[in-house]
Amino acid sequence: MTFAATILTLYPEMFPGPLGVSLAGRAMVEGKWACEAVQIRDFATDKHRTVDDTPAGGGAGMVLKCDVLARALDSAPSAGRPILAMTPRGKPITQTRIRELASGPGVIILCGRFEGFDERLFDARPEIEQVSLADIVLSGGEMAALTILDACIRLLPGVMGAASSGDEESFEQSLIEYPHYTRPQQWEGRTIPEVLRSGDHAKIAAWRKARSEEDTRSRRPDLWERYEGARVQPASGARRKDKEPDQ
């Protein structure tokens with residue numbers, strides 16, 4: 001099955017962009033995934049191909065028009081593919097969600113620009129998943145879309161080679177990855193940790209696990225809190241009796 005990506009954008013020339021080279025590029029040539037970039041302006045009905053207008057209530061910037069976006073979106077057959085809208089108002093995407101997307105038939109991505117989308121688009125199309133890349137603001141959703149696609153493509157069967165090659169990477173186990181070293185053994189007075197040169201695989205695994213936990217605790221307390229919560233949760237998933245119910 002080919003992973004099919006449809007990108008709705010004002011800048012279709014940005015795709016596949018960097019995804020046309022390296023692992024992703026080879027995977028595209030081999031037919032493991034396909035990319036179609038759709039020009040949103042093609043669905044405007046006036047002679048100027050207008051896609052935006054001033055915000056209701058006043059304010060700076062322009063807002064993408066819901067009627068034009070809806071026509072563009074409706075032109076892309078879903079075929080079971082999730083629809084993502086790239087917006088800083090969205091929920092930050094996670095590696096877990098990336099794995100879910102990569103295991104499916106593909107994705108439709110709507111790239112925001114200007115001040116964002118007319119909110120009525122999401123009211124009328126509740127299946128749209130509003131997604132952000134991180135707590136940053138970009139010029140548009142295209143760079144975020146490329147990043148999400150790259151994260152998905154590398155997980156497609158046969159793209160990375162060994163199926164287990166991504167299992168220990170950052171965020172796969174709710175931890176950031178342990179540090180890596182390679183030759184030369186000594187560099188500017190710094191030496192590769194002795195345990196990594198010991199040949200004792202059990203000790204190496206324990207060291208890597210400890211470093212992942214240590215670095216996650218110090219660098220990403222948000223991930224560490226989630227990881228700790230997962231470790232202490234009962235196997236049955238039962239909630240503590242003294243915990244207040246959700247409101």
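This talk goes through two helix packings, one pocket and a few backbone details of the structure above.

Before I start, please keep in mind that this is a predicted model, and that residues are numbered from 1 along each chain as its sequence is written.

Let me begin with the helices. Two packed helices are described by the angle between their axes and the distance between the axes, and I will give both values for each pair.

The first pair I want to show is H3, which covers residues 95-102, and H5, which covers residues 142-153; they pack at an angle of about 70°, and their axes are 8 Å apart. Since angles of 65 to 115 degrees count as roughly perpendicular, that value makes H3 roughly perpendicular to H5. The crossing in which H3 passes H5 is right-handed. If you look at the contact itself, H3 contributes Ile98, Leu101 and Ala102, and these meet Ile148, Ala151 and Cys152 of H5. Sorted by class, that contact holds 6 nonpolar residues, with no polar and no charged ones.

The second pair lies further along the chain, with H6 at residues 201-219 and H7 at residues 221-232; here the packing angle is about 125°, and the axes are 6 Å apart. That makes H6 oblique to H7, and H6 passes H7 in a left-handed crossing. On the H6 side the contact involves Lys209, Glu213, Thr216, Arg217, Ser218 and Arg219, while on the H7 side we find Pro221, Leu223, Trp224, Tyr227 and Arg231. The class division for this contact of H6 with H7 is 4 nonpolar, 2 polar and 5 charged residues.

Let me turn to the second largest pocket, whose volume is about 400 Å³. Its lining is made up of 24 residues, and those that lie nearest the centre are Met86, Thr87, Pro88, Arg89 and Gly112. Which elements give two or more residues to this lining? They are strand S5, at 83-92, and strand S7, at 128-132, with S5 supplying the largest share, namely 4 residues. Taken by class, the lining of this pocket consists of 12 nonpolar, 8 polar and 4 charged residues.

Finally, some backbone details that you may wish to inspect in the loops. Phenylalanine 15 and proline 16 are joined by a cis peptide bond, with omega about 0°, and proline 16 sits in the loop between strand S1 (3-9) and helix H1 (22-29). Another cis peptide bond runs from arginine 183 to proline 184, where omega is near 10°; proline 184 belongs to the loop between H5 and strand S8 (186-187). The last residue on my list is arginine 49, which is not a glycine and yet has a positive phi, near 55°. Its place is the loop between strand S2 (33-39) and strand S3 (52-53).

How values were computed: This is a predicted model: local features need pLDDT of at least 70, side-chain atom pairs count only at pLDDT 80 or more; totals for chains, interfaces and linings use all residues. Side-chain values use heavy atoms; hydrogens and water are left out. Axes are lines fitted to C-alpha atoms, for helices over the stretch in contact, and angles run from 0 to 180 degrees between N-to-C directions. Angles under 35 degrees count as roughly parallel, over 145 as roughly antiparallel, 65 to 115 as roughly perpendicular and the rest as oblique. A crossing is left-handed if the near helix is turned anticlockwise from the far one by less than a right angle, and right-handed if clockwise. Contact means heavy atoms within 4.5 Å. Ala, Val, Leu, Ile, Met, Phe, Trp, Tyr, Cys and Pro count as nonpolar, Asp, Glu, Lys and Arg as charged, and the others, Gly among them, as polar. On a 1 Å grid over the protein atoms alone, a cavity is a set of points where a 1.4 Å probe fits but cannot get out, and a pocket is an open set with protein on both sides within 12 Å along at least five of seven lines; lining residues have an atom within 4 Å of a point. Grid points are joined across faces, edges and corners, and a volume is the space filled by probe spheres set on the points.
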